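Me: I am new to this protein and would like a guided look at its structure. Could we go through it together?

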Amino acid sequence: TKPMQRLLIVILTIFQTAVLFSQGISGTITGADGETLPYASIYIKEQASGTTSNINGKYQLKLPPGTYEVTFQYVGFKTEVKSIEVGSSDVVLDVTLALQTEFLQEATVVGKSEDPAWSIMRLAIAKAPYQLLRFKSYSAKVYMKGTGKLEDMPWLAKKMMSKDDIDIDRAFTSESVNQISFESPNTYKEKVISVRTSGKELDGANPSSYINASFYRPMVVGGVSPFSPHAFSYYKFHYLGNFTDRGYKIHKIEVTPRSKGDQVFTGIIFIRDGYWDLHSLDVKTHVQFFDIGIVQFYGPVKEHLWMPVTQKYEISGSFMGFKGRYNYLASVSDYHIVENEALKGEINLVDEKLEDVSPEVADNKGKQQKTDENLGKVFKESKPVTTKEFVSLIDDMAEEQEEELAEPDVISDYSFKIDSAAAKKDSLYWDSIRTVPLTEEEIKGYRKDDSTYVETLNDSIKAHFKVFRASDLFFGNSYKLGEKTALRFHGFLPGLRFNTVEGFNLDAAFDLSVKADTYKVYSIAP
């Protein structure tokens with residue numbers, strides 16, 4: 001019959017769609033010595049999508065059938081680009097990366113010997129505002145996974161946990177999928193599509209401190225960026241060499257703070273020659289009691305336009321005897337970008353401290369020309385422009401954009417939204433969308449949470465009233481208020497968190513549960 005035929009077509013369509021996205025690539029990334037490389041970057045050029053390997057060097061990515069160029073990167077190792085063809089089954093691709101070899105270049109003499117890093121950084125700093133203005137808008141999808149673990153705690157807390165049979169070595173894991181968008185000059189929007197956490201809460205769902213923390217801005221994660229206009233007052237730069245990656249010359253520069261503090265970075269940044277933008281970075285900073293390590297890899301999302309594709313944040317430290325470590329991974333996919341047409345073209349940027357300024361460039365100084373005329377000369381005609389002139393030109397353009405806004409004094413227009421079904425996705429959904437494989441430790445933690453979540457509802461009702469114990473402050477407890485009513489305190493320890501936007505967070509979470517019948521339990525929490 002026709003209804004049956006339609007039903008069969010629908011079933012076949014669903015089946016074919018499932019098959020198309022049931023395959024992809026997976027494997028293990030190792031170094032030449034055979035050691036696995038944790039948190040290596042994997043980038044799919046055709047999909048403008050990235051992912052990372054997990055702590056064991058394993059990776060996975062779902063892909064429809066087709067031919068792809070896959071780039072594998074790890075700080076200190078040579079980039080590997082593999083061409084693969086995905087068919088109807090999963091492609092297993094194990095990759096071994098070789099150590100990177102850098103080549104040094106002689107210092108340029110300007111009155112006295114100057115480290116080549118200084119000129120490179122002058123050019124990169126001059127172009128930093130341009131990197132933020134070169135697109136009118138973009139949107140992308142971000143998969144994030146965070147895994148935290150307590151490494152040490154006061155002996156009294158250990159004793160209490162051991163007495164209550166609480167797993168001290170348990171890993172806490174959270175995952176989320178977010179849709180982000182940006183519209184020039186300062187409108188950010190984020191929507192949490194789905195989220196899964198070990199505590200069944202939405203903690204950590206907001207990725208703003210990571211995804212919007214561009215190093216092209218003067219300040220990032222509470223610290224002074226190496227690309228800040230004032231960077232030379234805060235940092236020393238040392239040239240470590242260069243290498244070739246995908247046809248581009250990459251400069252390796254060491255960043256060292258002039259003085260220690262909570263608002264500076266130390267580490268390595270990699271800059272593309274000629275474009276003076278970020279290839280990757282590996283830096284650290286210190287915020288209050290915590291050390292924060294940041295690793296970012298950039299990829300060509302559109303022609304010569306490189307943007308972050310994978311990011312890793314490691315937060316470690318101690319507070320009141322509690323010592324822990326938290327790894328936070330973010331992989332960006334489905335980039336959709338609208339470029340700023342006025343800023344398209346080659347830029348002939350000149351470091352006036354190293355090169356003689358041509359009369360044509362010098363004549364442009366002091367002329368009160370319209371911004372668009374100057375832009376035309378720089379981008380359409382590729383006229384030489386000094387770093388100072390370029391900064392002034394981009395600043396003029398930014399000011400004109402702000403004046404066109406309805407509210408020019410608004411520094412940033414940011415909105416954040418959580419989908420009503422964000423926390424209701426099942427394990428099959430996460431298996432299909434996850435880009436970073438779970439480790440055995442993370443799987444164990446999820447299984448424990450999934451098995452105890454439903455039990456907690458009934459346990460809270462069945463709980464006998466207990467005399468308050470000191471351990472309740474750390475780990476919480478449930479107290480029976482009536483035949484079908486119970487109050488649960490979650491404890492301060494699960495609610496103690498830290499993030500780079502708000503700093504410390506301490507939740508005093510309560511919920512009241514009422515059992516309506518055999519199958520239903522209603523719960524309310526402030």
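Reply: What follows is a short conversation about this structure.

Reply: This is a predicted model, in which local features need pLDDT of at least 70, side-chain atom pairs count only at pLDDT 80 or more, and totals for chains, interfaces and linings use all residues. Residues are numbered from 1 along each chain as its sequence is written, and side-chain values use heavy atoms, with hydrogens and water left out.

Me: How many helices and strands does the chain have?
Reply: The chain has eleven helices and 31 strands. Helices (H or I, at least four residues) and strands (E, at least two) are DSSP runs, numbered from the N terminus.

Me: What share of the residues counts as buried?
Reply: Of the 526 residues of the chain, 45% count as buried. Buried means under 20% relative accessible area, exposed over 50%, and partly exposed in between (1.4 Å probe, protein chains only).

Me: And how much accessible surface does the chain have?
Reply: The accessible surface comes to about 27400 Å², and 54% of it belongs to carbon and sulfur atoms. Accessible areas come from the Shrake-Rupley method with a 1.4 Å probe; for residues, only the protein chains shown count as cover.

Me: Which residues touch the most other members of the largest nonpolar core?
Reply: Phe-227 and Ile-269 do, in a core of 71 residues. Helix H2 (residues 116-133) supplies the largest share of this core, eleven residues. A nonpolar core is a set of buried Ala, Val, Leu, Ile, Met, Phe, Trp, Tyr and Cys residues joined through side-chain atoms within 4.5 Å. In soluble globular proteins, nonpolar side chains tend to be buried together.

Me: What does Phe-227 touch?
Reply: Not counting residues up to four places away in sequence, Phe-227 touches Met-121, Ala-124, Ile-125, Ala-128, Phe-215, Tyr-216, Ile-269, Ile-271 and Leu-278. Contact means heavy atoms within 4.5 Å. Apart from the largest core lies another core, of 19 residues, among them Ile-42, Ile-44, Leu-61 and Leu-93.

Me: Ile-271 and Leu-278 were both in that list. Which strands do they belong to, and how are those strands paired?
Reply: Ile-271 has Leu-278 in S19 as its bridge partner. Strand S18 (residues 265-272) and strand S19 pair in the antiparallel sense over seven bridges. Two strands pair if DSSP finds at least two bridges between them. S18 and S19 form a hairpin with five residues between them, and Gly-274 in the turn has a positive phi of about 85 degrees.

Me: Why is S19 described as largely enclosed?
Reply: Seven of the ten residues of S19 (residues 278-287) are buried, so the strand is largely enclosed by the rest of the structure.

Me: What comes after S19?
Reply: S19 also pairs with strand S20 (residues 290-302), in the antiparallel sense and over eight bridges. Lys-284 has Gly-293 in S20 as its bridge partner. These two strands form a hairpin with two residues between them, where Gln-288 in the turn has a positive phi of about 55 degrees.

Me: Changing topic, how does S12 pair with S11 and S13?
Reply: Strand S11 (residues 135-152) and strand S12 (residues 171-183) are antiparallel, with 13 bridges. One of the pairs there is Val-142 with Asn-178. S12 and strand S13 (residues 187-197) are also antiparallel, over ten bridges, and Glu-175 stands opposite Arg-196 in S13.

Me: Is Thr-310 buried or exposed?
Reply: Thr-310 is buried, with a relative accessible area of 1%. Thr-310 is found in strand S21 (residues 305-319). A polar contact of 2.9 Å joins its side chain to that of Ser-41. A polar contact is a pair of N or O atoms within 3.5 Å; within protein, one must be able to donate a hydrogen and the other to accept it, and residues adjacent in sequence count only if both atoms are side-chain atoms.

Me: In what order do the strands of the open sheet run?
Reply: The order is S26-S27-S30-S31, and the pairing is antiparallel. The edge strands are S26 (477-480) and S31 (521-524), each pairing on one side only. Four bridges join S26 to strand S27 (residues 485-489), with Tyr-479 and Leu-487 as bridge partners.

Me: Where does Gly-491 lie?
Reply: Gly-491 lies in the loop between S27 and strand S28 (496-499), and Gly-491 is buried, with a relative accessible area of 2%.
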